[in-house]
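Here is a short report on a protein model, written for the bench. Keep the sequence and the 3D view open while reading.

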Amino acid sequence: CIFFDKNTNKEASIMSETDKLVSKSRFDDGYAYPDLYHEADHMLAASAIIYTLADMRDLAWKNKKLVEEGKPILAGDLTDEDFLVPEVDPKTGYFVNPIPIAELAQFAIDNLENMKKDTEFWASNGATIGLVMKLACNAPQTRESKRISEASVSTRNIMYIDDSHGDEKEIVYAISLDDKKGRVIVNFRGTTTVQDMMVDAKITLKTFKLPHVEKKVKLHRGFYDYLFNKEMSIEDESQHEDLNKYEEIMTKVKPLLKIHPDYKLYVTGHSLGASLSSLFAFVASQDPDPLIPKPVTCVSIASTYVGNQAWREVFQVSYSMVVTIAIYFPHLLLGLFSTYYFCCMYIYIYPSFY
């Protein structure tokens, strides 16, 4: 376990030890890995923002539908809804106009009062909207916003977000490109819909053969199905027929890595998204395709257990560096089942900034 306390003098010594760990990484590939704290902190912000981005897009779609039907928008009227719901290029599968995180922050500031009028939206997203706003250059420089600014989250562009089915039926994920840090980032949203809850509830362990892995392992059935069961994946307008969700995501990840061969692959998520990110990162790390850079870095936030002892064994010897932050209730729940094992590094950040 590693503890970070930003309010004491212990931080410097802990960070110093962390820096030593990073500098001794067995992956001597010339990539500038940050210290462990900032490695986790950047992804923590990303894992929070995807919730609000998906809900803001839902609000934009709802408003556009009302306008098409000639009905008044009573609450949550947004300026330039097209900014949130750009067209997808059928050739590349990415947004024609990617969404810069910095501009998303400014969009939130410009539409703040109107978003507050939609009480249901604001009740779910008020806190995270505040985080998004702090990414804007003209946002007040509080301690938290300065820290986020230093994390350079605002350098990211969202290339694609899969929530086109009303995010009620399947995984919601986003793919971002961070040119400053040299990263392709896959971000999974956590438990939000009834479908997500049903996936969480499938806690029985089932033996599976993962792609690129010789040894069979027992995994949480719901998590496995969400990523690898084709029946759980809704077909995309003829583009991804016969692909499971993992394969579909990889059709968007690998072209970016081909364009940017020096970039690293990062995977993150919160809650359900954290469990999915662990599974995704592990399988990606075992992919023999030279396009996938090693290690694959996964930062999973408030993750639950994913599999059995065999899963932990194959996971820990993989080329995936996995960091888990802030383990809460879901982890404790499955901890009651002795057949589940956890396999990551714990990081606790005190006090809570989020």
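Which backbone nitrogen lies 3.1 Å from a polar atom of the side chain of Asn308? It is the backbone nitrogen of Trp311. A polar contact here is a pair of N or O atoms within 3.5 Å; within protein, one must be able to donate a hydrogen and the other to accept it, and residues adjacent in sequence count only if both atoms are side-chain atoms. Asn308 is placed in the loop between strand E9 (296–301) and helix H11 (309–316). Asn308 is buried because its relative accessible area is 14%. Buried means under 20% relative accessible area, exposed over 50%, and partly exposed in between (1.4 Å probe, protein chains only).

This is a predicted model, in which local features need pLDDT of at least 70 and side-chain atom pairs count only at pLDDT 80 or more, while totals for chains, interfaces and linings use all residues. Residues are numbered from 1 along each chain as its sequence is written, and side-chain values use heavy atoms, with hydrogens and water left out.

**Helices**

Helices (H or I, at least four residues) and strands (E, at least two) are DSSP runs, numbered from the N terminus. The expected span of a helix is 1.5 Å times one less than its number of residues. Helix H2 (residues 36–68) has 33 residues, so it should span 48 Å; its end C-alpha atoms are 49 Å apart, which agrees. H2 bends by about 25 degrees at Ile49. The bend at a residue is the angle between axes fitted to the seven residues ending there and the seven starting there. Just after H2, Gly70 has a positive phi of about 75 degrees.

Ser47 is also placed in H2. Ser47 counts as buried because its relative accessibility is 2%. Its C-alpha atom is 6.3 Å from that of Thr268, although 221 residues separate the two along the chain.

Helix H9 (residues 245–259) has 15 residues, so it should span 21 Å; its end C-alpha atoms are 22 Å apart, which agrees. H9 bends by about 30 degrees at Thr251, and Pro255 follows within four residues. The buried residues of H9 include Tyr246, Ile249, Lys252 and Leu256. Glu247, also in H9, counts as partly exposed because its relative accessibility is 32%. Glu247 and Leu227 are 20 residues apart in sequence and 8.5 Å apart in space, C-alpha to C-alpha.

**Aromatic rings and cores**

The whole structure holds 9 aromatic pairs. One of them joins Tyr224 and Phe228: the pair is tilted, at 5.1 Å centre to centre and 35 degrees between the planes. Rings of Phe, Tyr and Trp (its six-membered ring) pair if their centres lie within 6.5 Å; planes under 30 degrees apart count as stacked, over 60 as edge-to-face and the rest as tilted. Why are Tyr224 and Phe228 separated by about one helical turn? Because they are 4 residues apart in helix H8 (residues 221–228). Tyr224, at 13% relative accessibility, counts as buried. So does Phe228, at 9%. Both belong to one aromatic cluster with Phe188, Phe208, Tyr246 and Phe280.

Two charges sit over rings. The charged end of Arg183 is over the ring of Tyr266, 3.9 Å from its centre. Lys252 lies over the face of Tyr160, 4.5 Å from the ring centre. The test is NZ of Lys or CZ of Arg within 6 Å of the ring centre and within 35 degrees of the ring normal.

The largest nonpolar core has 76 residues; Leu104, Phe188, Leu210, Phe280 and Trp311 touch the most other members. A second, separate core of 9 residues includes Tyr33, Met43, Ile185 and Ile301. A nonpolar core is a set of buried Ala, Val, Leu, Ile, Met, Phe, Trp, Tyr and Cys residues joined through side-chain atoms within 4.5 Å.

**Backbone exceptions**

Most residues other than glycine have a negative phi, and most peptide bonds are trans. The table lists two positive phi values.

| Residue | Phi | Loop | Relative accessible area |
|---|---|---|---|
| His212 | near 70 degrees | between strand E6 (205–208) and strand E7 (217–220) | 40%, partly exposed |
| Ser271 | near 65 degrees | between strand E8 (264–270) and H10 | 18%, buried |

A cis peptide bond joins Lys294 and Pro295, with omega about 5 degrees. Pro295 is placed in the loop between helix H10 (272–286) and E9.
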